[in-house]
Amino acid sequence: MSIGSTSPPPAEPITSPSVAAPAAPLRPRLNPFAFPSDTDFRLLLLIAAVIGSGLFIYNWVYFALPQSRADVAMYQLCQQQAQAHATDPAAVNTLFEQCRAPVEQKKAIWMLGGVGLILLVTVAVYLVAPEYKRRRQRLVALTADEFPDVFATLERLCQTARLSSSPRFLWDPLNGAAVGLAFGRRGSYYVALTGGLVARFYADRPAFESVVLHELAHVRSGDVDKTYIAISMWQVFIMLGLVPLALTVVLAPDLWTATGLVWRAAALAVFVYLLRNAVLRSRETYADLQAAAWQAPNSAMTRVLSALPDVQRTGIARWRDLLRVHPRAGARLRALADTRPLFRIGFWDAFGAGLAAGIAYPSVVTLILLAFTGKQTDIWSWTTGEVAGLATSSLLALLVAGVVGVGLWRSTVAAIVDGRSSVSPAAIAGGVAVGLGLGAWVGFDGGFQLLTTDLLSVLVYAILYLLLIAMMAAGVFVILRWFMAASTLSLRRELGEAAPPRWWPNFLALSIVLAIWLGVTLQARDLLGVAASGLPVWLYPVLAGAAFLQAAWSPLDVLALACVIAFPLIVAGGRKRRPGRPDWAFLDPPSDGLLDPAPQPVAFRRLLVAALVGAIAYLVIVVVTRLAIGPVRDDVLAVILFVGEVAAAVIIQGVLAVIVSRKAAVVRITQGLAAASLGGVLMATIAFWVNVAFGGKADGAGAWSLLTVTLIVGAAVALPLAWLTARLTKA
Amino acid sequence: MAEQLDPDVADLSRDVVAALAPAELPLFNTVSREYAKDPERALKAAAGREEILGFGVEVGLLLTPVVISIAETVIKFVGSEILKLGQQAAGTAVDTTVRGVLAHAAASRSSGAHSQAVSLSAAQLAEVRKVAVSRAVSLQLPHDQAERLADAMVARLATAA
């Protein structure tokens, strides 16, 4: 080029790198928007982990207050008073509990106040952050006067996104990056554009629209609130959680305790940080897909994503992906072409859910115990600790069921559509159990368990602890198998309907059963911890086993059994609401004949007839036996008769389970169990009224015990028999 | 801080932006106004401030602030050169302002006519190019882009031989 020539050479525009054209999808993509996203549950897990940790931190910080010295003196005084006024250990304990109750309740209020403060400041930061961001980044309103063409396009895109109210568009004219960002708070959203992006409007309008639609997808799905709540919570957790803990670590009585606090705080900070990132990552791919769907068929999303820098990491270096707040561009591109990766759940998802629940569990139980110190509960002879454990596990089971249940449900959809067998829930069950088992140790309360230092006791404790975790995993595995079998049935029918399925009944059923199982196993673990704090070694399995025995006869088991039977039968017996093509399940039109025909319905009549026949046979046996024996005056004979009648009912239930599961076409095990349980209810009723007819008492409590024993023992026999029958015979 | 750019700088940089990054032309007035308020911030942000949660084509550069900054340097240099020319042409009725040079260049480009204004020699234009490249490189612009930008700027200043 010659300098000073009259006709300057035409300048070549400086442009961004060009990118590859999108690839056409090979098979119809599944529609992830038809199913609940896991972002909500991940956020709830984050909140649970922060609440659990916050409760412990403020419990610990309480000891740093001058008030705590007076409390210790109060404990000593209470102990002296209790010992002075009673000799029976139980009475001493009751007096001590009542005496220290005001102190413990004050501590509970302090802990709640601390967590309340964390949550309150989180909300405050979430509310204030948009304005702060606006000022700090000097974002100004993008006006129609200045850029009428850009503004008109933005308005059109808002209409495309069908937003109830359009966000306000701001921009930073000087920022050269071509980036958009949705932020704000509920009811007041902003989409910030950069100068580089507005310039992109004039150079590459489809790319500009892709970026803006991606941000509008965040607004539409409510992601903006989740994102900024997660970010605010992380910041406030450091400020009001970890900093006070760090300041008071010096109060630890010894180096061991201080070290325990420090590593737990670090582990927890890492976990909360990773959970926050998981929340932020999980929403991005959905926004890409939504934007691409809105823009179809001229979407530039693939082009935009291809232009993003992407570093392929292999092996152990992949851990660095966990630190990212966006998924890798390659993964996003693959999800755009095939959404099936969004329909998978793995060990680590389940592990994260278990860990968050495990961290929160002991702190919440401690809070409830402190708040109710000195108050005796009278719910089916459970102690306050048991009620606290069950209430907490029920709450946390909702979260675990949310993450795991929704994940498995979605993976079942993909399996059905692709005509392959469902994924095994073994890894998921293992993840939940390991997470829960580890959570108690990573959580701060783990450092404060007063375990014995005797080597044998520690060994026995460790073995039993691992055994309990293995039992928990086995139970969760069975529950998830049951859930997936029922979900497969319902989804097969729903994939022949024009309307999307309701997911919450499935989620509720899983939550109930999971809550009861987790409640029992965590209760056993707590009792094992109590035993290991100074009781003889032989009591370890006894105490842990007591939790299972107690639960076996509680009404909760009847509830679990009812749920286990009712849920699959209801979904299998349901009718199609709107028969038609399942367009709701796909982003691309599905080909006809893609799906298997819906399974045969449940033969409820056969199930009822079988139970009735069994009950009539039982009636004959019981009446004949009673007539043969005559009036029962001897207690031993009465017990033998009771055991005999229950045994007869259990045997008949076993027979019913085998017959019905052999004949059944679908949900064979459940149908067998349902016939056995229905027969069990009828037979318990018969046994009760026959007993009354032959001169026995019409005792309500006795009737309930008879029903519980018949149902639980009957189910314990019927379930393996139905399973064996289903395995060994063809439907 | 000034609220508005020097008109010579604005004219020169607008023309260069039109040639090199036409998509940025609609933004020129806003960006130049912001630049005038805080040039340092404008140059820093032009390279694309990282927005962790944002989405888009993250590799980006807003050329306008860079062009304005180079234009400022160039205009300053040209001003000093014109001063020398003015001293040499003492007593002759010629326009010895930068604006005159720019107008002269624009007029000669459009009509081929010669106006009564001083024009830069080839050697001076080469010097201008060197100054522009040097400034562009100091602003972290890749060398090839710096050269293209300098060429565009020199072309704008060039007068009929």
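Chain A of this predicted model has an average pLDDT of 85, and 91% of its residues score at least 70. Residues 1-25 of chain A are a weak point, with a pLDDT below 50. Even so, this stretch makes 45 contacts in the model beyond near neighbours in sequence. For chain B the average pLDDT is 77, with 68% of the residues at 70 or above. Confidence varies among the elements of chain B: helix α2 (residues 28-37) of chain B has the highest mean pLDDT, 91, and helix α5 (residues 98-111) of chain B has the lowest, 58. For the complex, the predictor reports an ipTM of 0.81 and a pTM of 0.80.

Chain A is built from 22 helices and four strands. Its C-alpha trace spans about 125 × 75 × 45 Å along the principal axes. The chain has 731 residues, and 45% of them count as buried. When contacts in chain A between residues at least 6 apart in sequence are considered, 81% of them join residues at least 24 apart.

The domain assignment divides chain A into three parts. Domain 1 is made of two segments, 26-306 and 323-340, while domain 2 covers 344-575 and domain 3 covers 600-728. The centres of domain 1 and domain 3 of chain A, taken over C-alpha atoms, are 53 Å apart.

One helix pair in chain A can be followed in detail. Helix α1 (residues 39-62) of chain A packs against helix α12 (residues 347-371) of chain A at an angle of about 35°, and their axes are 8 Å apart. The crossing of α1(A) and α12(A) is left-handed. On the side of α1(A), the residues in contact include A:Leu45, A:Ile51, A:Leu55 and A:Phe56, along with A:Gly52, A:Ser53 and A:Asn59. On the side of α12(A), they include A:Ala353, A:Ala356, A:Ile359, A:Val364 and A:Leu367, along with A:Gly352, A:Ser363 and A:Thr366. Sorted by class, this contact between α1(A) and α12(A) has 13 nonpolar and six polar residues, and no charged ones.

Two arginines in loops of chain A stand out for their backbone angles. A:Arg138 is not a glycine, yet it has a positive phi of about 50°. A:Arg138 sits in the loop between α3 (89-136) and β1 (140-141) of chain A. This residue counts as partly exposed because 16 C-beta neighbours lie inside 10 Å. A:Arg162 likewise has a positive phi of about 50° without being a glycine. The loop that holds A:Arg162 runs between α4 (148-160) and β2 (168-172) of chain A. A:Arg162 has 9 C-beta neighbours inside 10 Å, so this residue counts as exposed.

Further along chain A, A:Pro500 lies in the loop between α15 (455-494) and α16 (504-531). A:Pro500 is partly exposed because 15 other C-beta atoms are within 10 Å. Leaving aside residues up to four places away in sequence, A:Pro500 touches A:Ala34 and A:Trp584. A:Pro500 and A:Pro582 are separated by 82 residues in sequence, while their C-alpha atoms are 7.7 Å apart in space.

A:Arg605 belongs to helix α19 (residues 604-629) of chain A. With 8 other C-beta atoms within 10 Å, A:Arg605 is exposed. From A:Arg605 to A:Asp699 there are 94 residues in sequence and 33 Å in space, C-alpha to C-alpha.

Chain B contains seven helices and one strand. Along the sequence these elements follow the pattern α-α-α-β-α-α-α-α, which places the strand after three helices and ahead of four others. Chain B has 161 residues, of which 45% are buried. Of the contacts in chain B with a separation of 6 or more, 64% are between residues 24 or more positions apart.

Conventions: Residues are numbered from 1 along each chain as its sequence is written. Chains are lettered from A and ligands numbered from 1 in the order in which they are written. This is a predicted model: local features need pLDDT of at least 70, side-chain atom pairs count only at pLDDT 80 or more; totals for chains, interfaces and linings use all residues. Axes are lines fitted to C-alpha atoms, for helices over the stretch in contact, and angles run from 0 to 180 degrees between N-to-C directions. A crossing is left-handed if the near helix is turned anticlockwise from the far one by less than a right angle, and right-handed if clockwise. Two residues are in contact if their C-beta atoms, placed from the backbone, lie within 7 Å. Ala, Val, Leu, Ile, Met, Phe, Trp, Tyr, Cys and Pro count as nonpolar, Asp, Glu, Lys and Arg as charged, and the others, Gly among them, as polar. Domain bounds come from an automatic or database domain assignment. A residue is buried if 20 or more other C-beta atoms lie within 10 Å of its own, exposed if 12 or fewer, and partly exposed in between; C-beta atoms are placed from the backbone. pLDDT is the predictor's confidence in each residue, from 0 to 100.
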